[in-house]
Amino acid sequence: MPPGKKASRSEAVPAIAAGIELEKMRRRVRLSRLALFTAIAAGPVALAVAMASGPAAARAAAPNKPAPVRTAAVTADPAGYAQVFIDAWLRSSADEAGSAQARLAQSLAPDVALPEPAADAQSKLRSVTAVRSVQRGGDAWAVTVAAQYTDGTVRYFAVPVAADARGASFAVTGAPGAVAGPARAAVPASPYTVHVPSDGALSSTVGEFLGAYLTGTGEVDRYLAPGVKLTPVSPAPYSAVVVREVSAVEEAAAAGQVPADGTEVRVLVQAEARDGAGRWPQAYELALTARSGRWDVAALEAGTVQGGGAR
C-alpha cells in the first residue's frame with residue numbers, strides 16, 4: 001500500500017481476521033505450555049497424557065491441581081506365611097538349632113522359642129494347612145493352622161501375625177498356641193428333592209455322558225446342548241462310571257417321557273467311578289434341556305451340596 005494512503009474497508013477486514021487467528025494460535029501455544037508444565041509436576045503418566053492430548057487436554061486441566069493417582073487396593077493375606085512358619089517350627093528342635101527347619105522357623109519368628117520334641121516320638125508331622133484368618137485390628141492377625149500327623153491326629157494352632165496393609169511384609173509376633181478346631185458348619189437343605197427313575201431317559205443320558213466325560217468312552221459332544229462346549233477329563237482317570245442316584249429340583253425330570261422342547265431341569269448325580277486302584281464316590285450337578293425328544297447337557301458343576309438338614 002502506498003505511504004499515506006488509508007486502507008479501504010475491504011482490505012482492513014482480512015487483516016483484522018488474520019490478527020485474530022494469530023492471537024488464537026498464540027493462546028493455544030501458551031495453554032499447551034501450561035499443560036506441559038502442570039503434567040511435569042504431576043508425574044510421568046500425566047506428562048504422557050498431556051503430550052498425547054495437546055491443546056484439548058490443556059483446556060480441561062486445572063492449573064496447579066495435579067490429577068490424583070489411583071492404585072488398586074491390596075488385601076493382606078498372612079495365612080500362607082503362618083503356614084510356612086508352623087511347618088518349619090513343628091519340624092524343628094531346640095536340640096538341633098542349626099538344622100534347616102530350625103533356621104527357617106527362627107528367621108520367620110526370631111523371638112519365638114523352638115519346641116523340644118521327645119527323641120522317641122512315634123508320630124511325625126505329615127502336613128500343615130491354614131484354615132482360617134481373622135484380622136484382630138490394624139495390622140494384627142490370628143491365623144489358625146491345622147497340623148496333621150502320620151497317626152491321623154490333627155492339631156490346630158493359632159499363630160499371631162503382623163501384616164502391613166499392602167500385604168508386602170509379615171512377621172510372626174509370638175509363639176503359637178494350641179486351640180480347638182473350627183466347628184462343623186450346618187449343611188444346608190438340598191434343593192434336589194425329586195427322585196428321578198433310574199430306568200428313564202434322563203438317567204440314561206446322564207450315565208452315558210459321565211462315561212464319556214470320565215472314561216473317554218464315546219464322544220462328549222453328542223450329549224451337549226447346541227453351543228455348549230465341554231472338554232472331557234484327559235487323560236481319562238477312570239475305567240467305568242456307575243450312576244447310583246439321580247435327584248432333581250423340577251418335577252419335569254421325573255417324567256417317563258421327555259417333555260416339550262426347551263424344558264430345563266437341574267439334577268444332582270451320585271455316581272461311583274472305578275479304576276484299578278478302587279472305587280470312588282463322585283457327585284455332579286447338571287443342567288439339562290429337552291430337545292427333539294432327548295435330553296441335552298447344558299452345564300456341569302462338581303463339588304455340589306449333596307443334602308442334609310431339614311427338607
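This is a short walk through one structure, taking the strands, a helix, the aromatic rings and the empty spaces in turn. Keep in mind from the start that we're looking at a predicted model.

Okay, strands to begin with. Find E1, residues 125-137, and then E2. These two pair antiparallel, with 10 bridges between them. If you want one spot to look at, take Thr129, which sits opposite Ala146 in E2. E1 and E2 make a hairpin, with 2 residues between the strands. In that turn you'll find Gly138, whose phi is positive, about 65°.

Now carry on along the chain. E2 also pairs with E3, again in the antiparallel sense, this time over 9 bridges. Here the spot to look at is Gln148, which faces Val154 in E3. And we get a hairpin here too: E2 and E3 have 4 residues between them, and Gly152 in the turn takes a positive phi of about 95°.

So is E2 largely enclosed or open? E2 covers residues 140-149, and 8 of those 10 residues are buried, so the rest of the structure largely encloses this strand.

There's another set of strands further on. E6 is just residues 194-195, and it pairs antiparallel with E7, residues 240-248, over 2 bridges. Val194 has Ala248 in E7 as its bridge partner. E7 in turn runs antiparallel to E8, residues 264-275, and 8 bridges join those two. Within that pairing, Val241 is matched with Ala273 in E8.

Let me stay on Ala273 for a second. Its relative accessible area is 0%, so Ala273 counts as buried. Its C-alpha atom is 9.5 Å from the C-alpha atom of Leu210, although the two residues are 63 apart along the chain.

Leu210 takes us to helix H6, where it is one of the buried residues. H6 runs over residues 201-215, and there's a nice little check we can do on it. At 1.5 Å a residue, those 15 residues should span 21 Å, and the end C-alpha atoms are indeed 21 Å apart, so the two agree. How many of the residues of H6 are buried? The count is 11 of 15, so we can call this helix mostly covered. Among the buried ones are Leu202, Val206, Phe209 and Tyr213. Right after the helix ends, Gly216 has a positive phi of about 80°.

Next, aromatic rings. As a bit of background, we describe a ring pair by how far apart the centres are and by the angle between the planes. Searching the whole structure turns up 5 aromatic pairs. One of them is Tyr81 with Phe170: the centres are 5.5 Å apart and the planes are at 35°, which makes this pair tilted. Tyr81 belongs to helix H4 and Phe170 to strand E4, residues 170-172, so this is a link between distant parts of the chain, 89 residues apart. Phe170 has 24% relative accessibility, so it counts as partly exposed.

Compare that with Tyr213 and Tyr284. Their ring centres are 6.5 Å apart and the planes are at 85°, so we call this pair edge-to-face. It also ties together distant parts of the chain, with Tyr213 in H6 and Tyr284 in strand E9, residues 278-291, 71 residues apart. Both Tyr213 and Tyr284 are buried. And then there's a cluster to look for: Phe85, Trp89 and Phe157 go together as one aromatic cluster.

Last topic, the empty spaces. The largest pocket holds about 550 Å³ of space. It has 20 lining residues, and the ones closest to the centre are Leu90, Pro117, Ala121, Ser123 and Lys124. Which elements supply at least two residues each to that lining? Helix H4, residues 79-91, does, and so does strand E3, residues 154-163. By class, the pocket lining comes out as 9 nonpolar, 6 polar and 5 charged residues.

There's also 1 cavity of 30 Å³ or more. The space inside the largest cavity is about 50 Å³. Its lining includes Val196, Pro197, Ala201, Leu202, Gln257 and Trp295. That lining has 9 nonpolar residues, 3 polar ones and no charged ones. Leu202 is a name you've heard already, as a buried residue of H6.

That's the tour, thanks for listening.

How values were computed. Residues numbered from 1 in each chain as written. Predicted model: local features only at pLDDT ≥ 70, side-chain atom pairs only at ≥ 80, totals over all residues. Heavy atoms only, no water. 1 Å grid on protein atoms, 1.4 Å probe; cavity = no way out; pocket = protein on both sides within 12 Å on 5 of 7 lines; lining within 4 Å. Points joined across faces, edges and corners; volume = space filled by probe spheres on them. Nonpolar A, V, L, I, M, F, W, Y, C, P; charged D, E, K, R; others polar. Expected span 1.5 Å × (residues − 1). Buried < 20%, exposed > 50% of the residue type's maximum accessible area, 1.4 Å probe, protein only. Pairing = 2+ DSSP bridges. Phe/Tyr/Trp six-rings, centres within 6.5 Å; stacked < 30°, edge-to-face > 60°.
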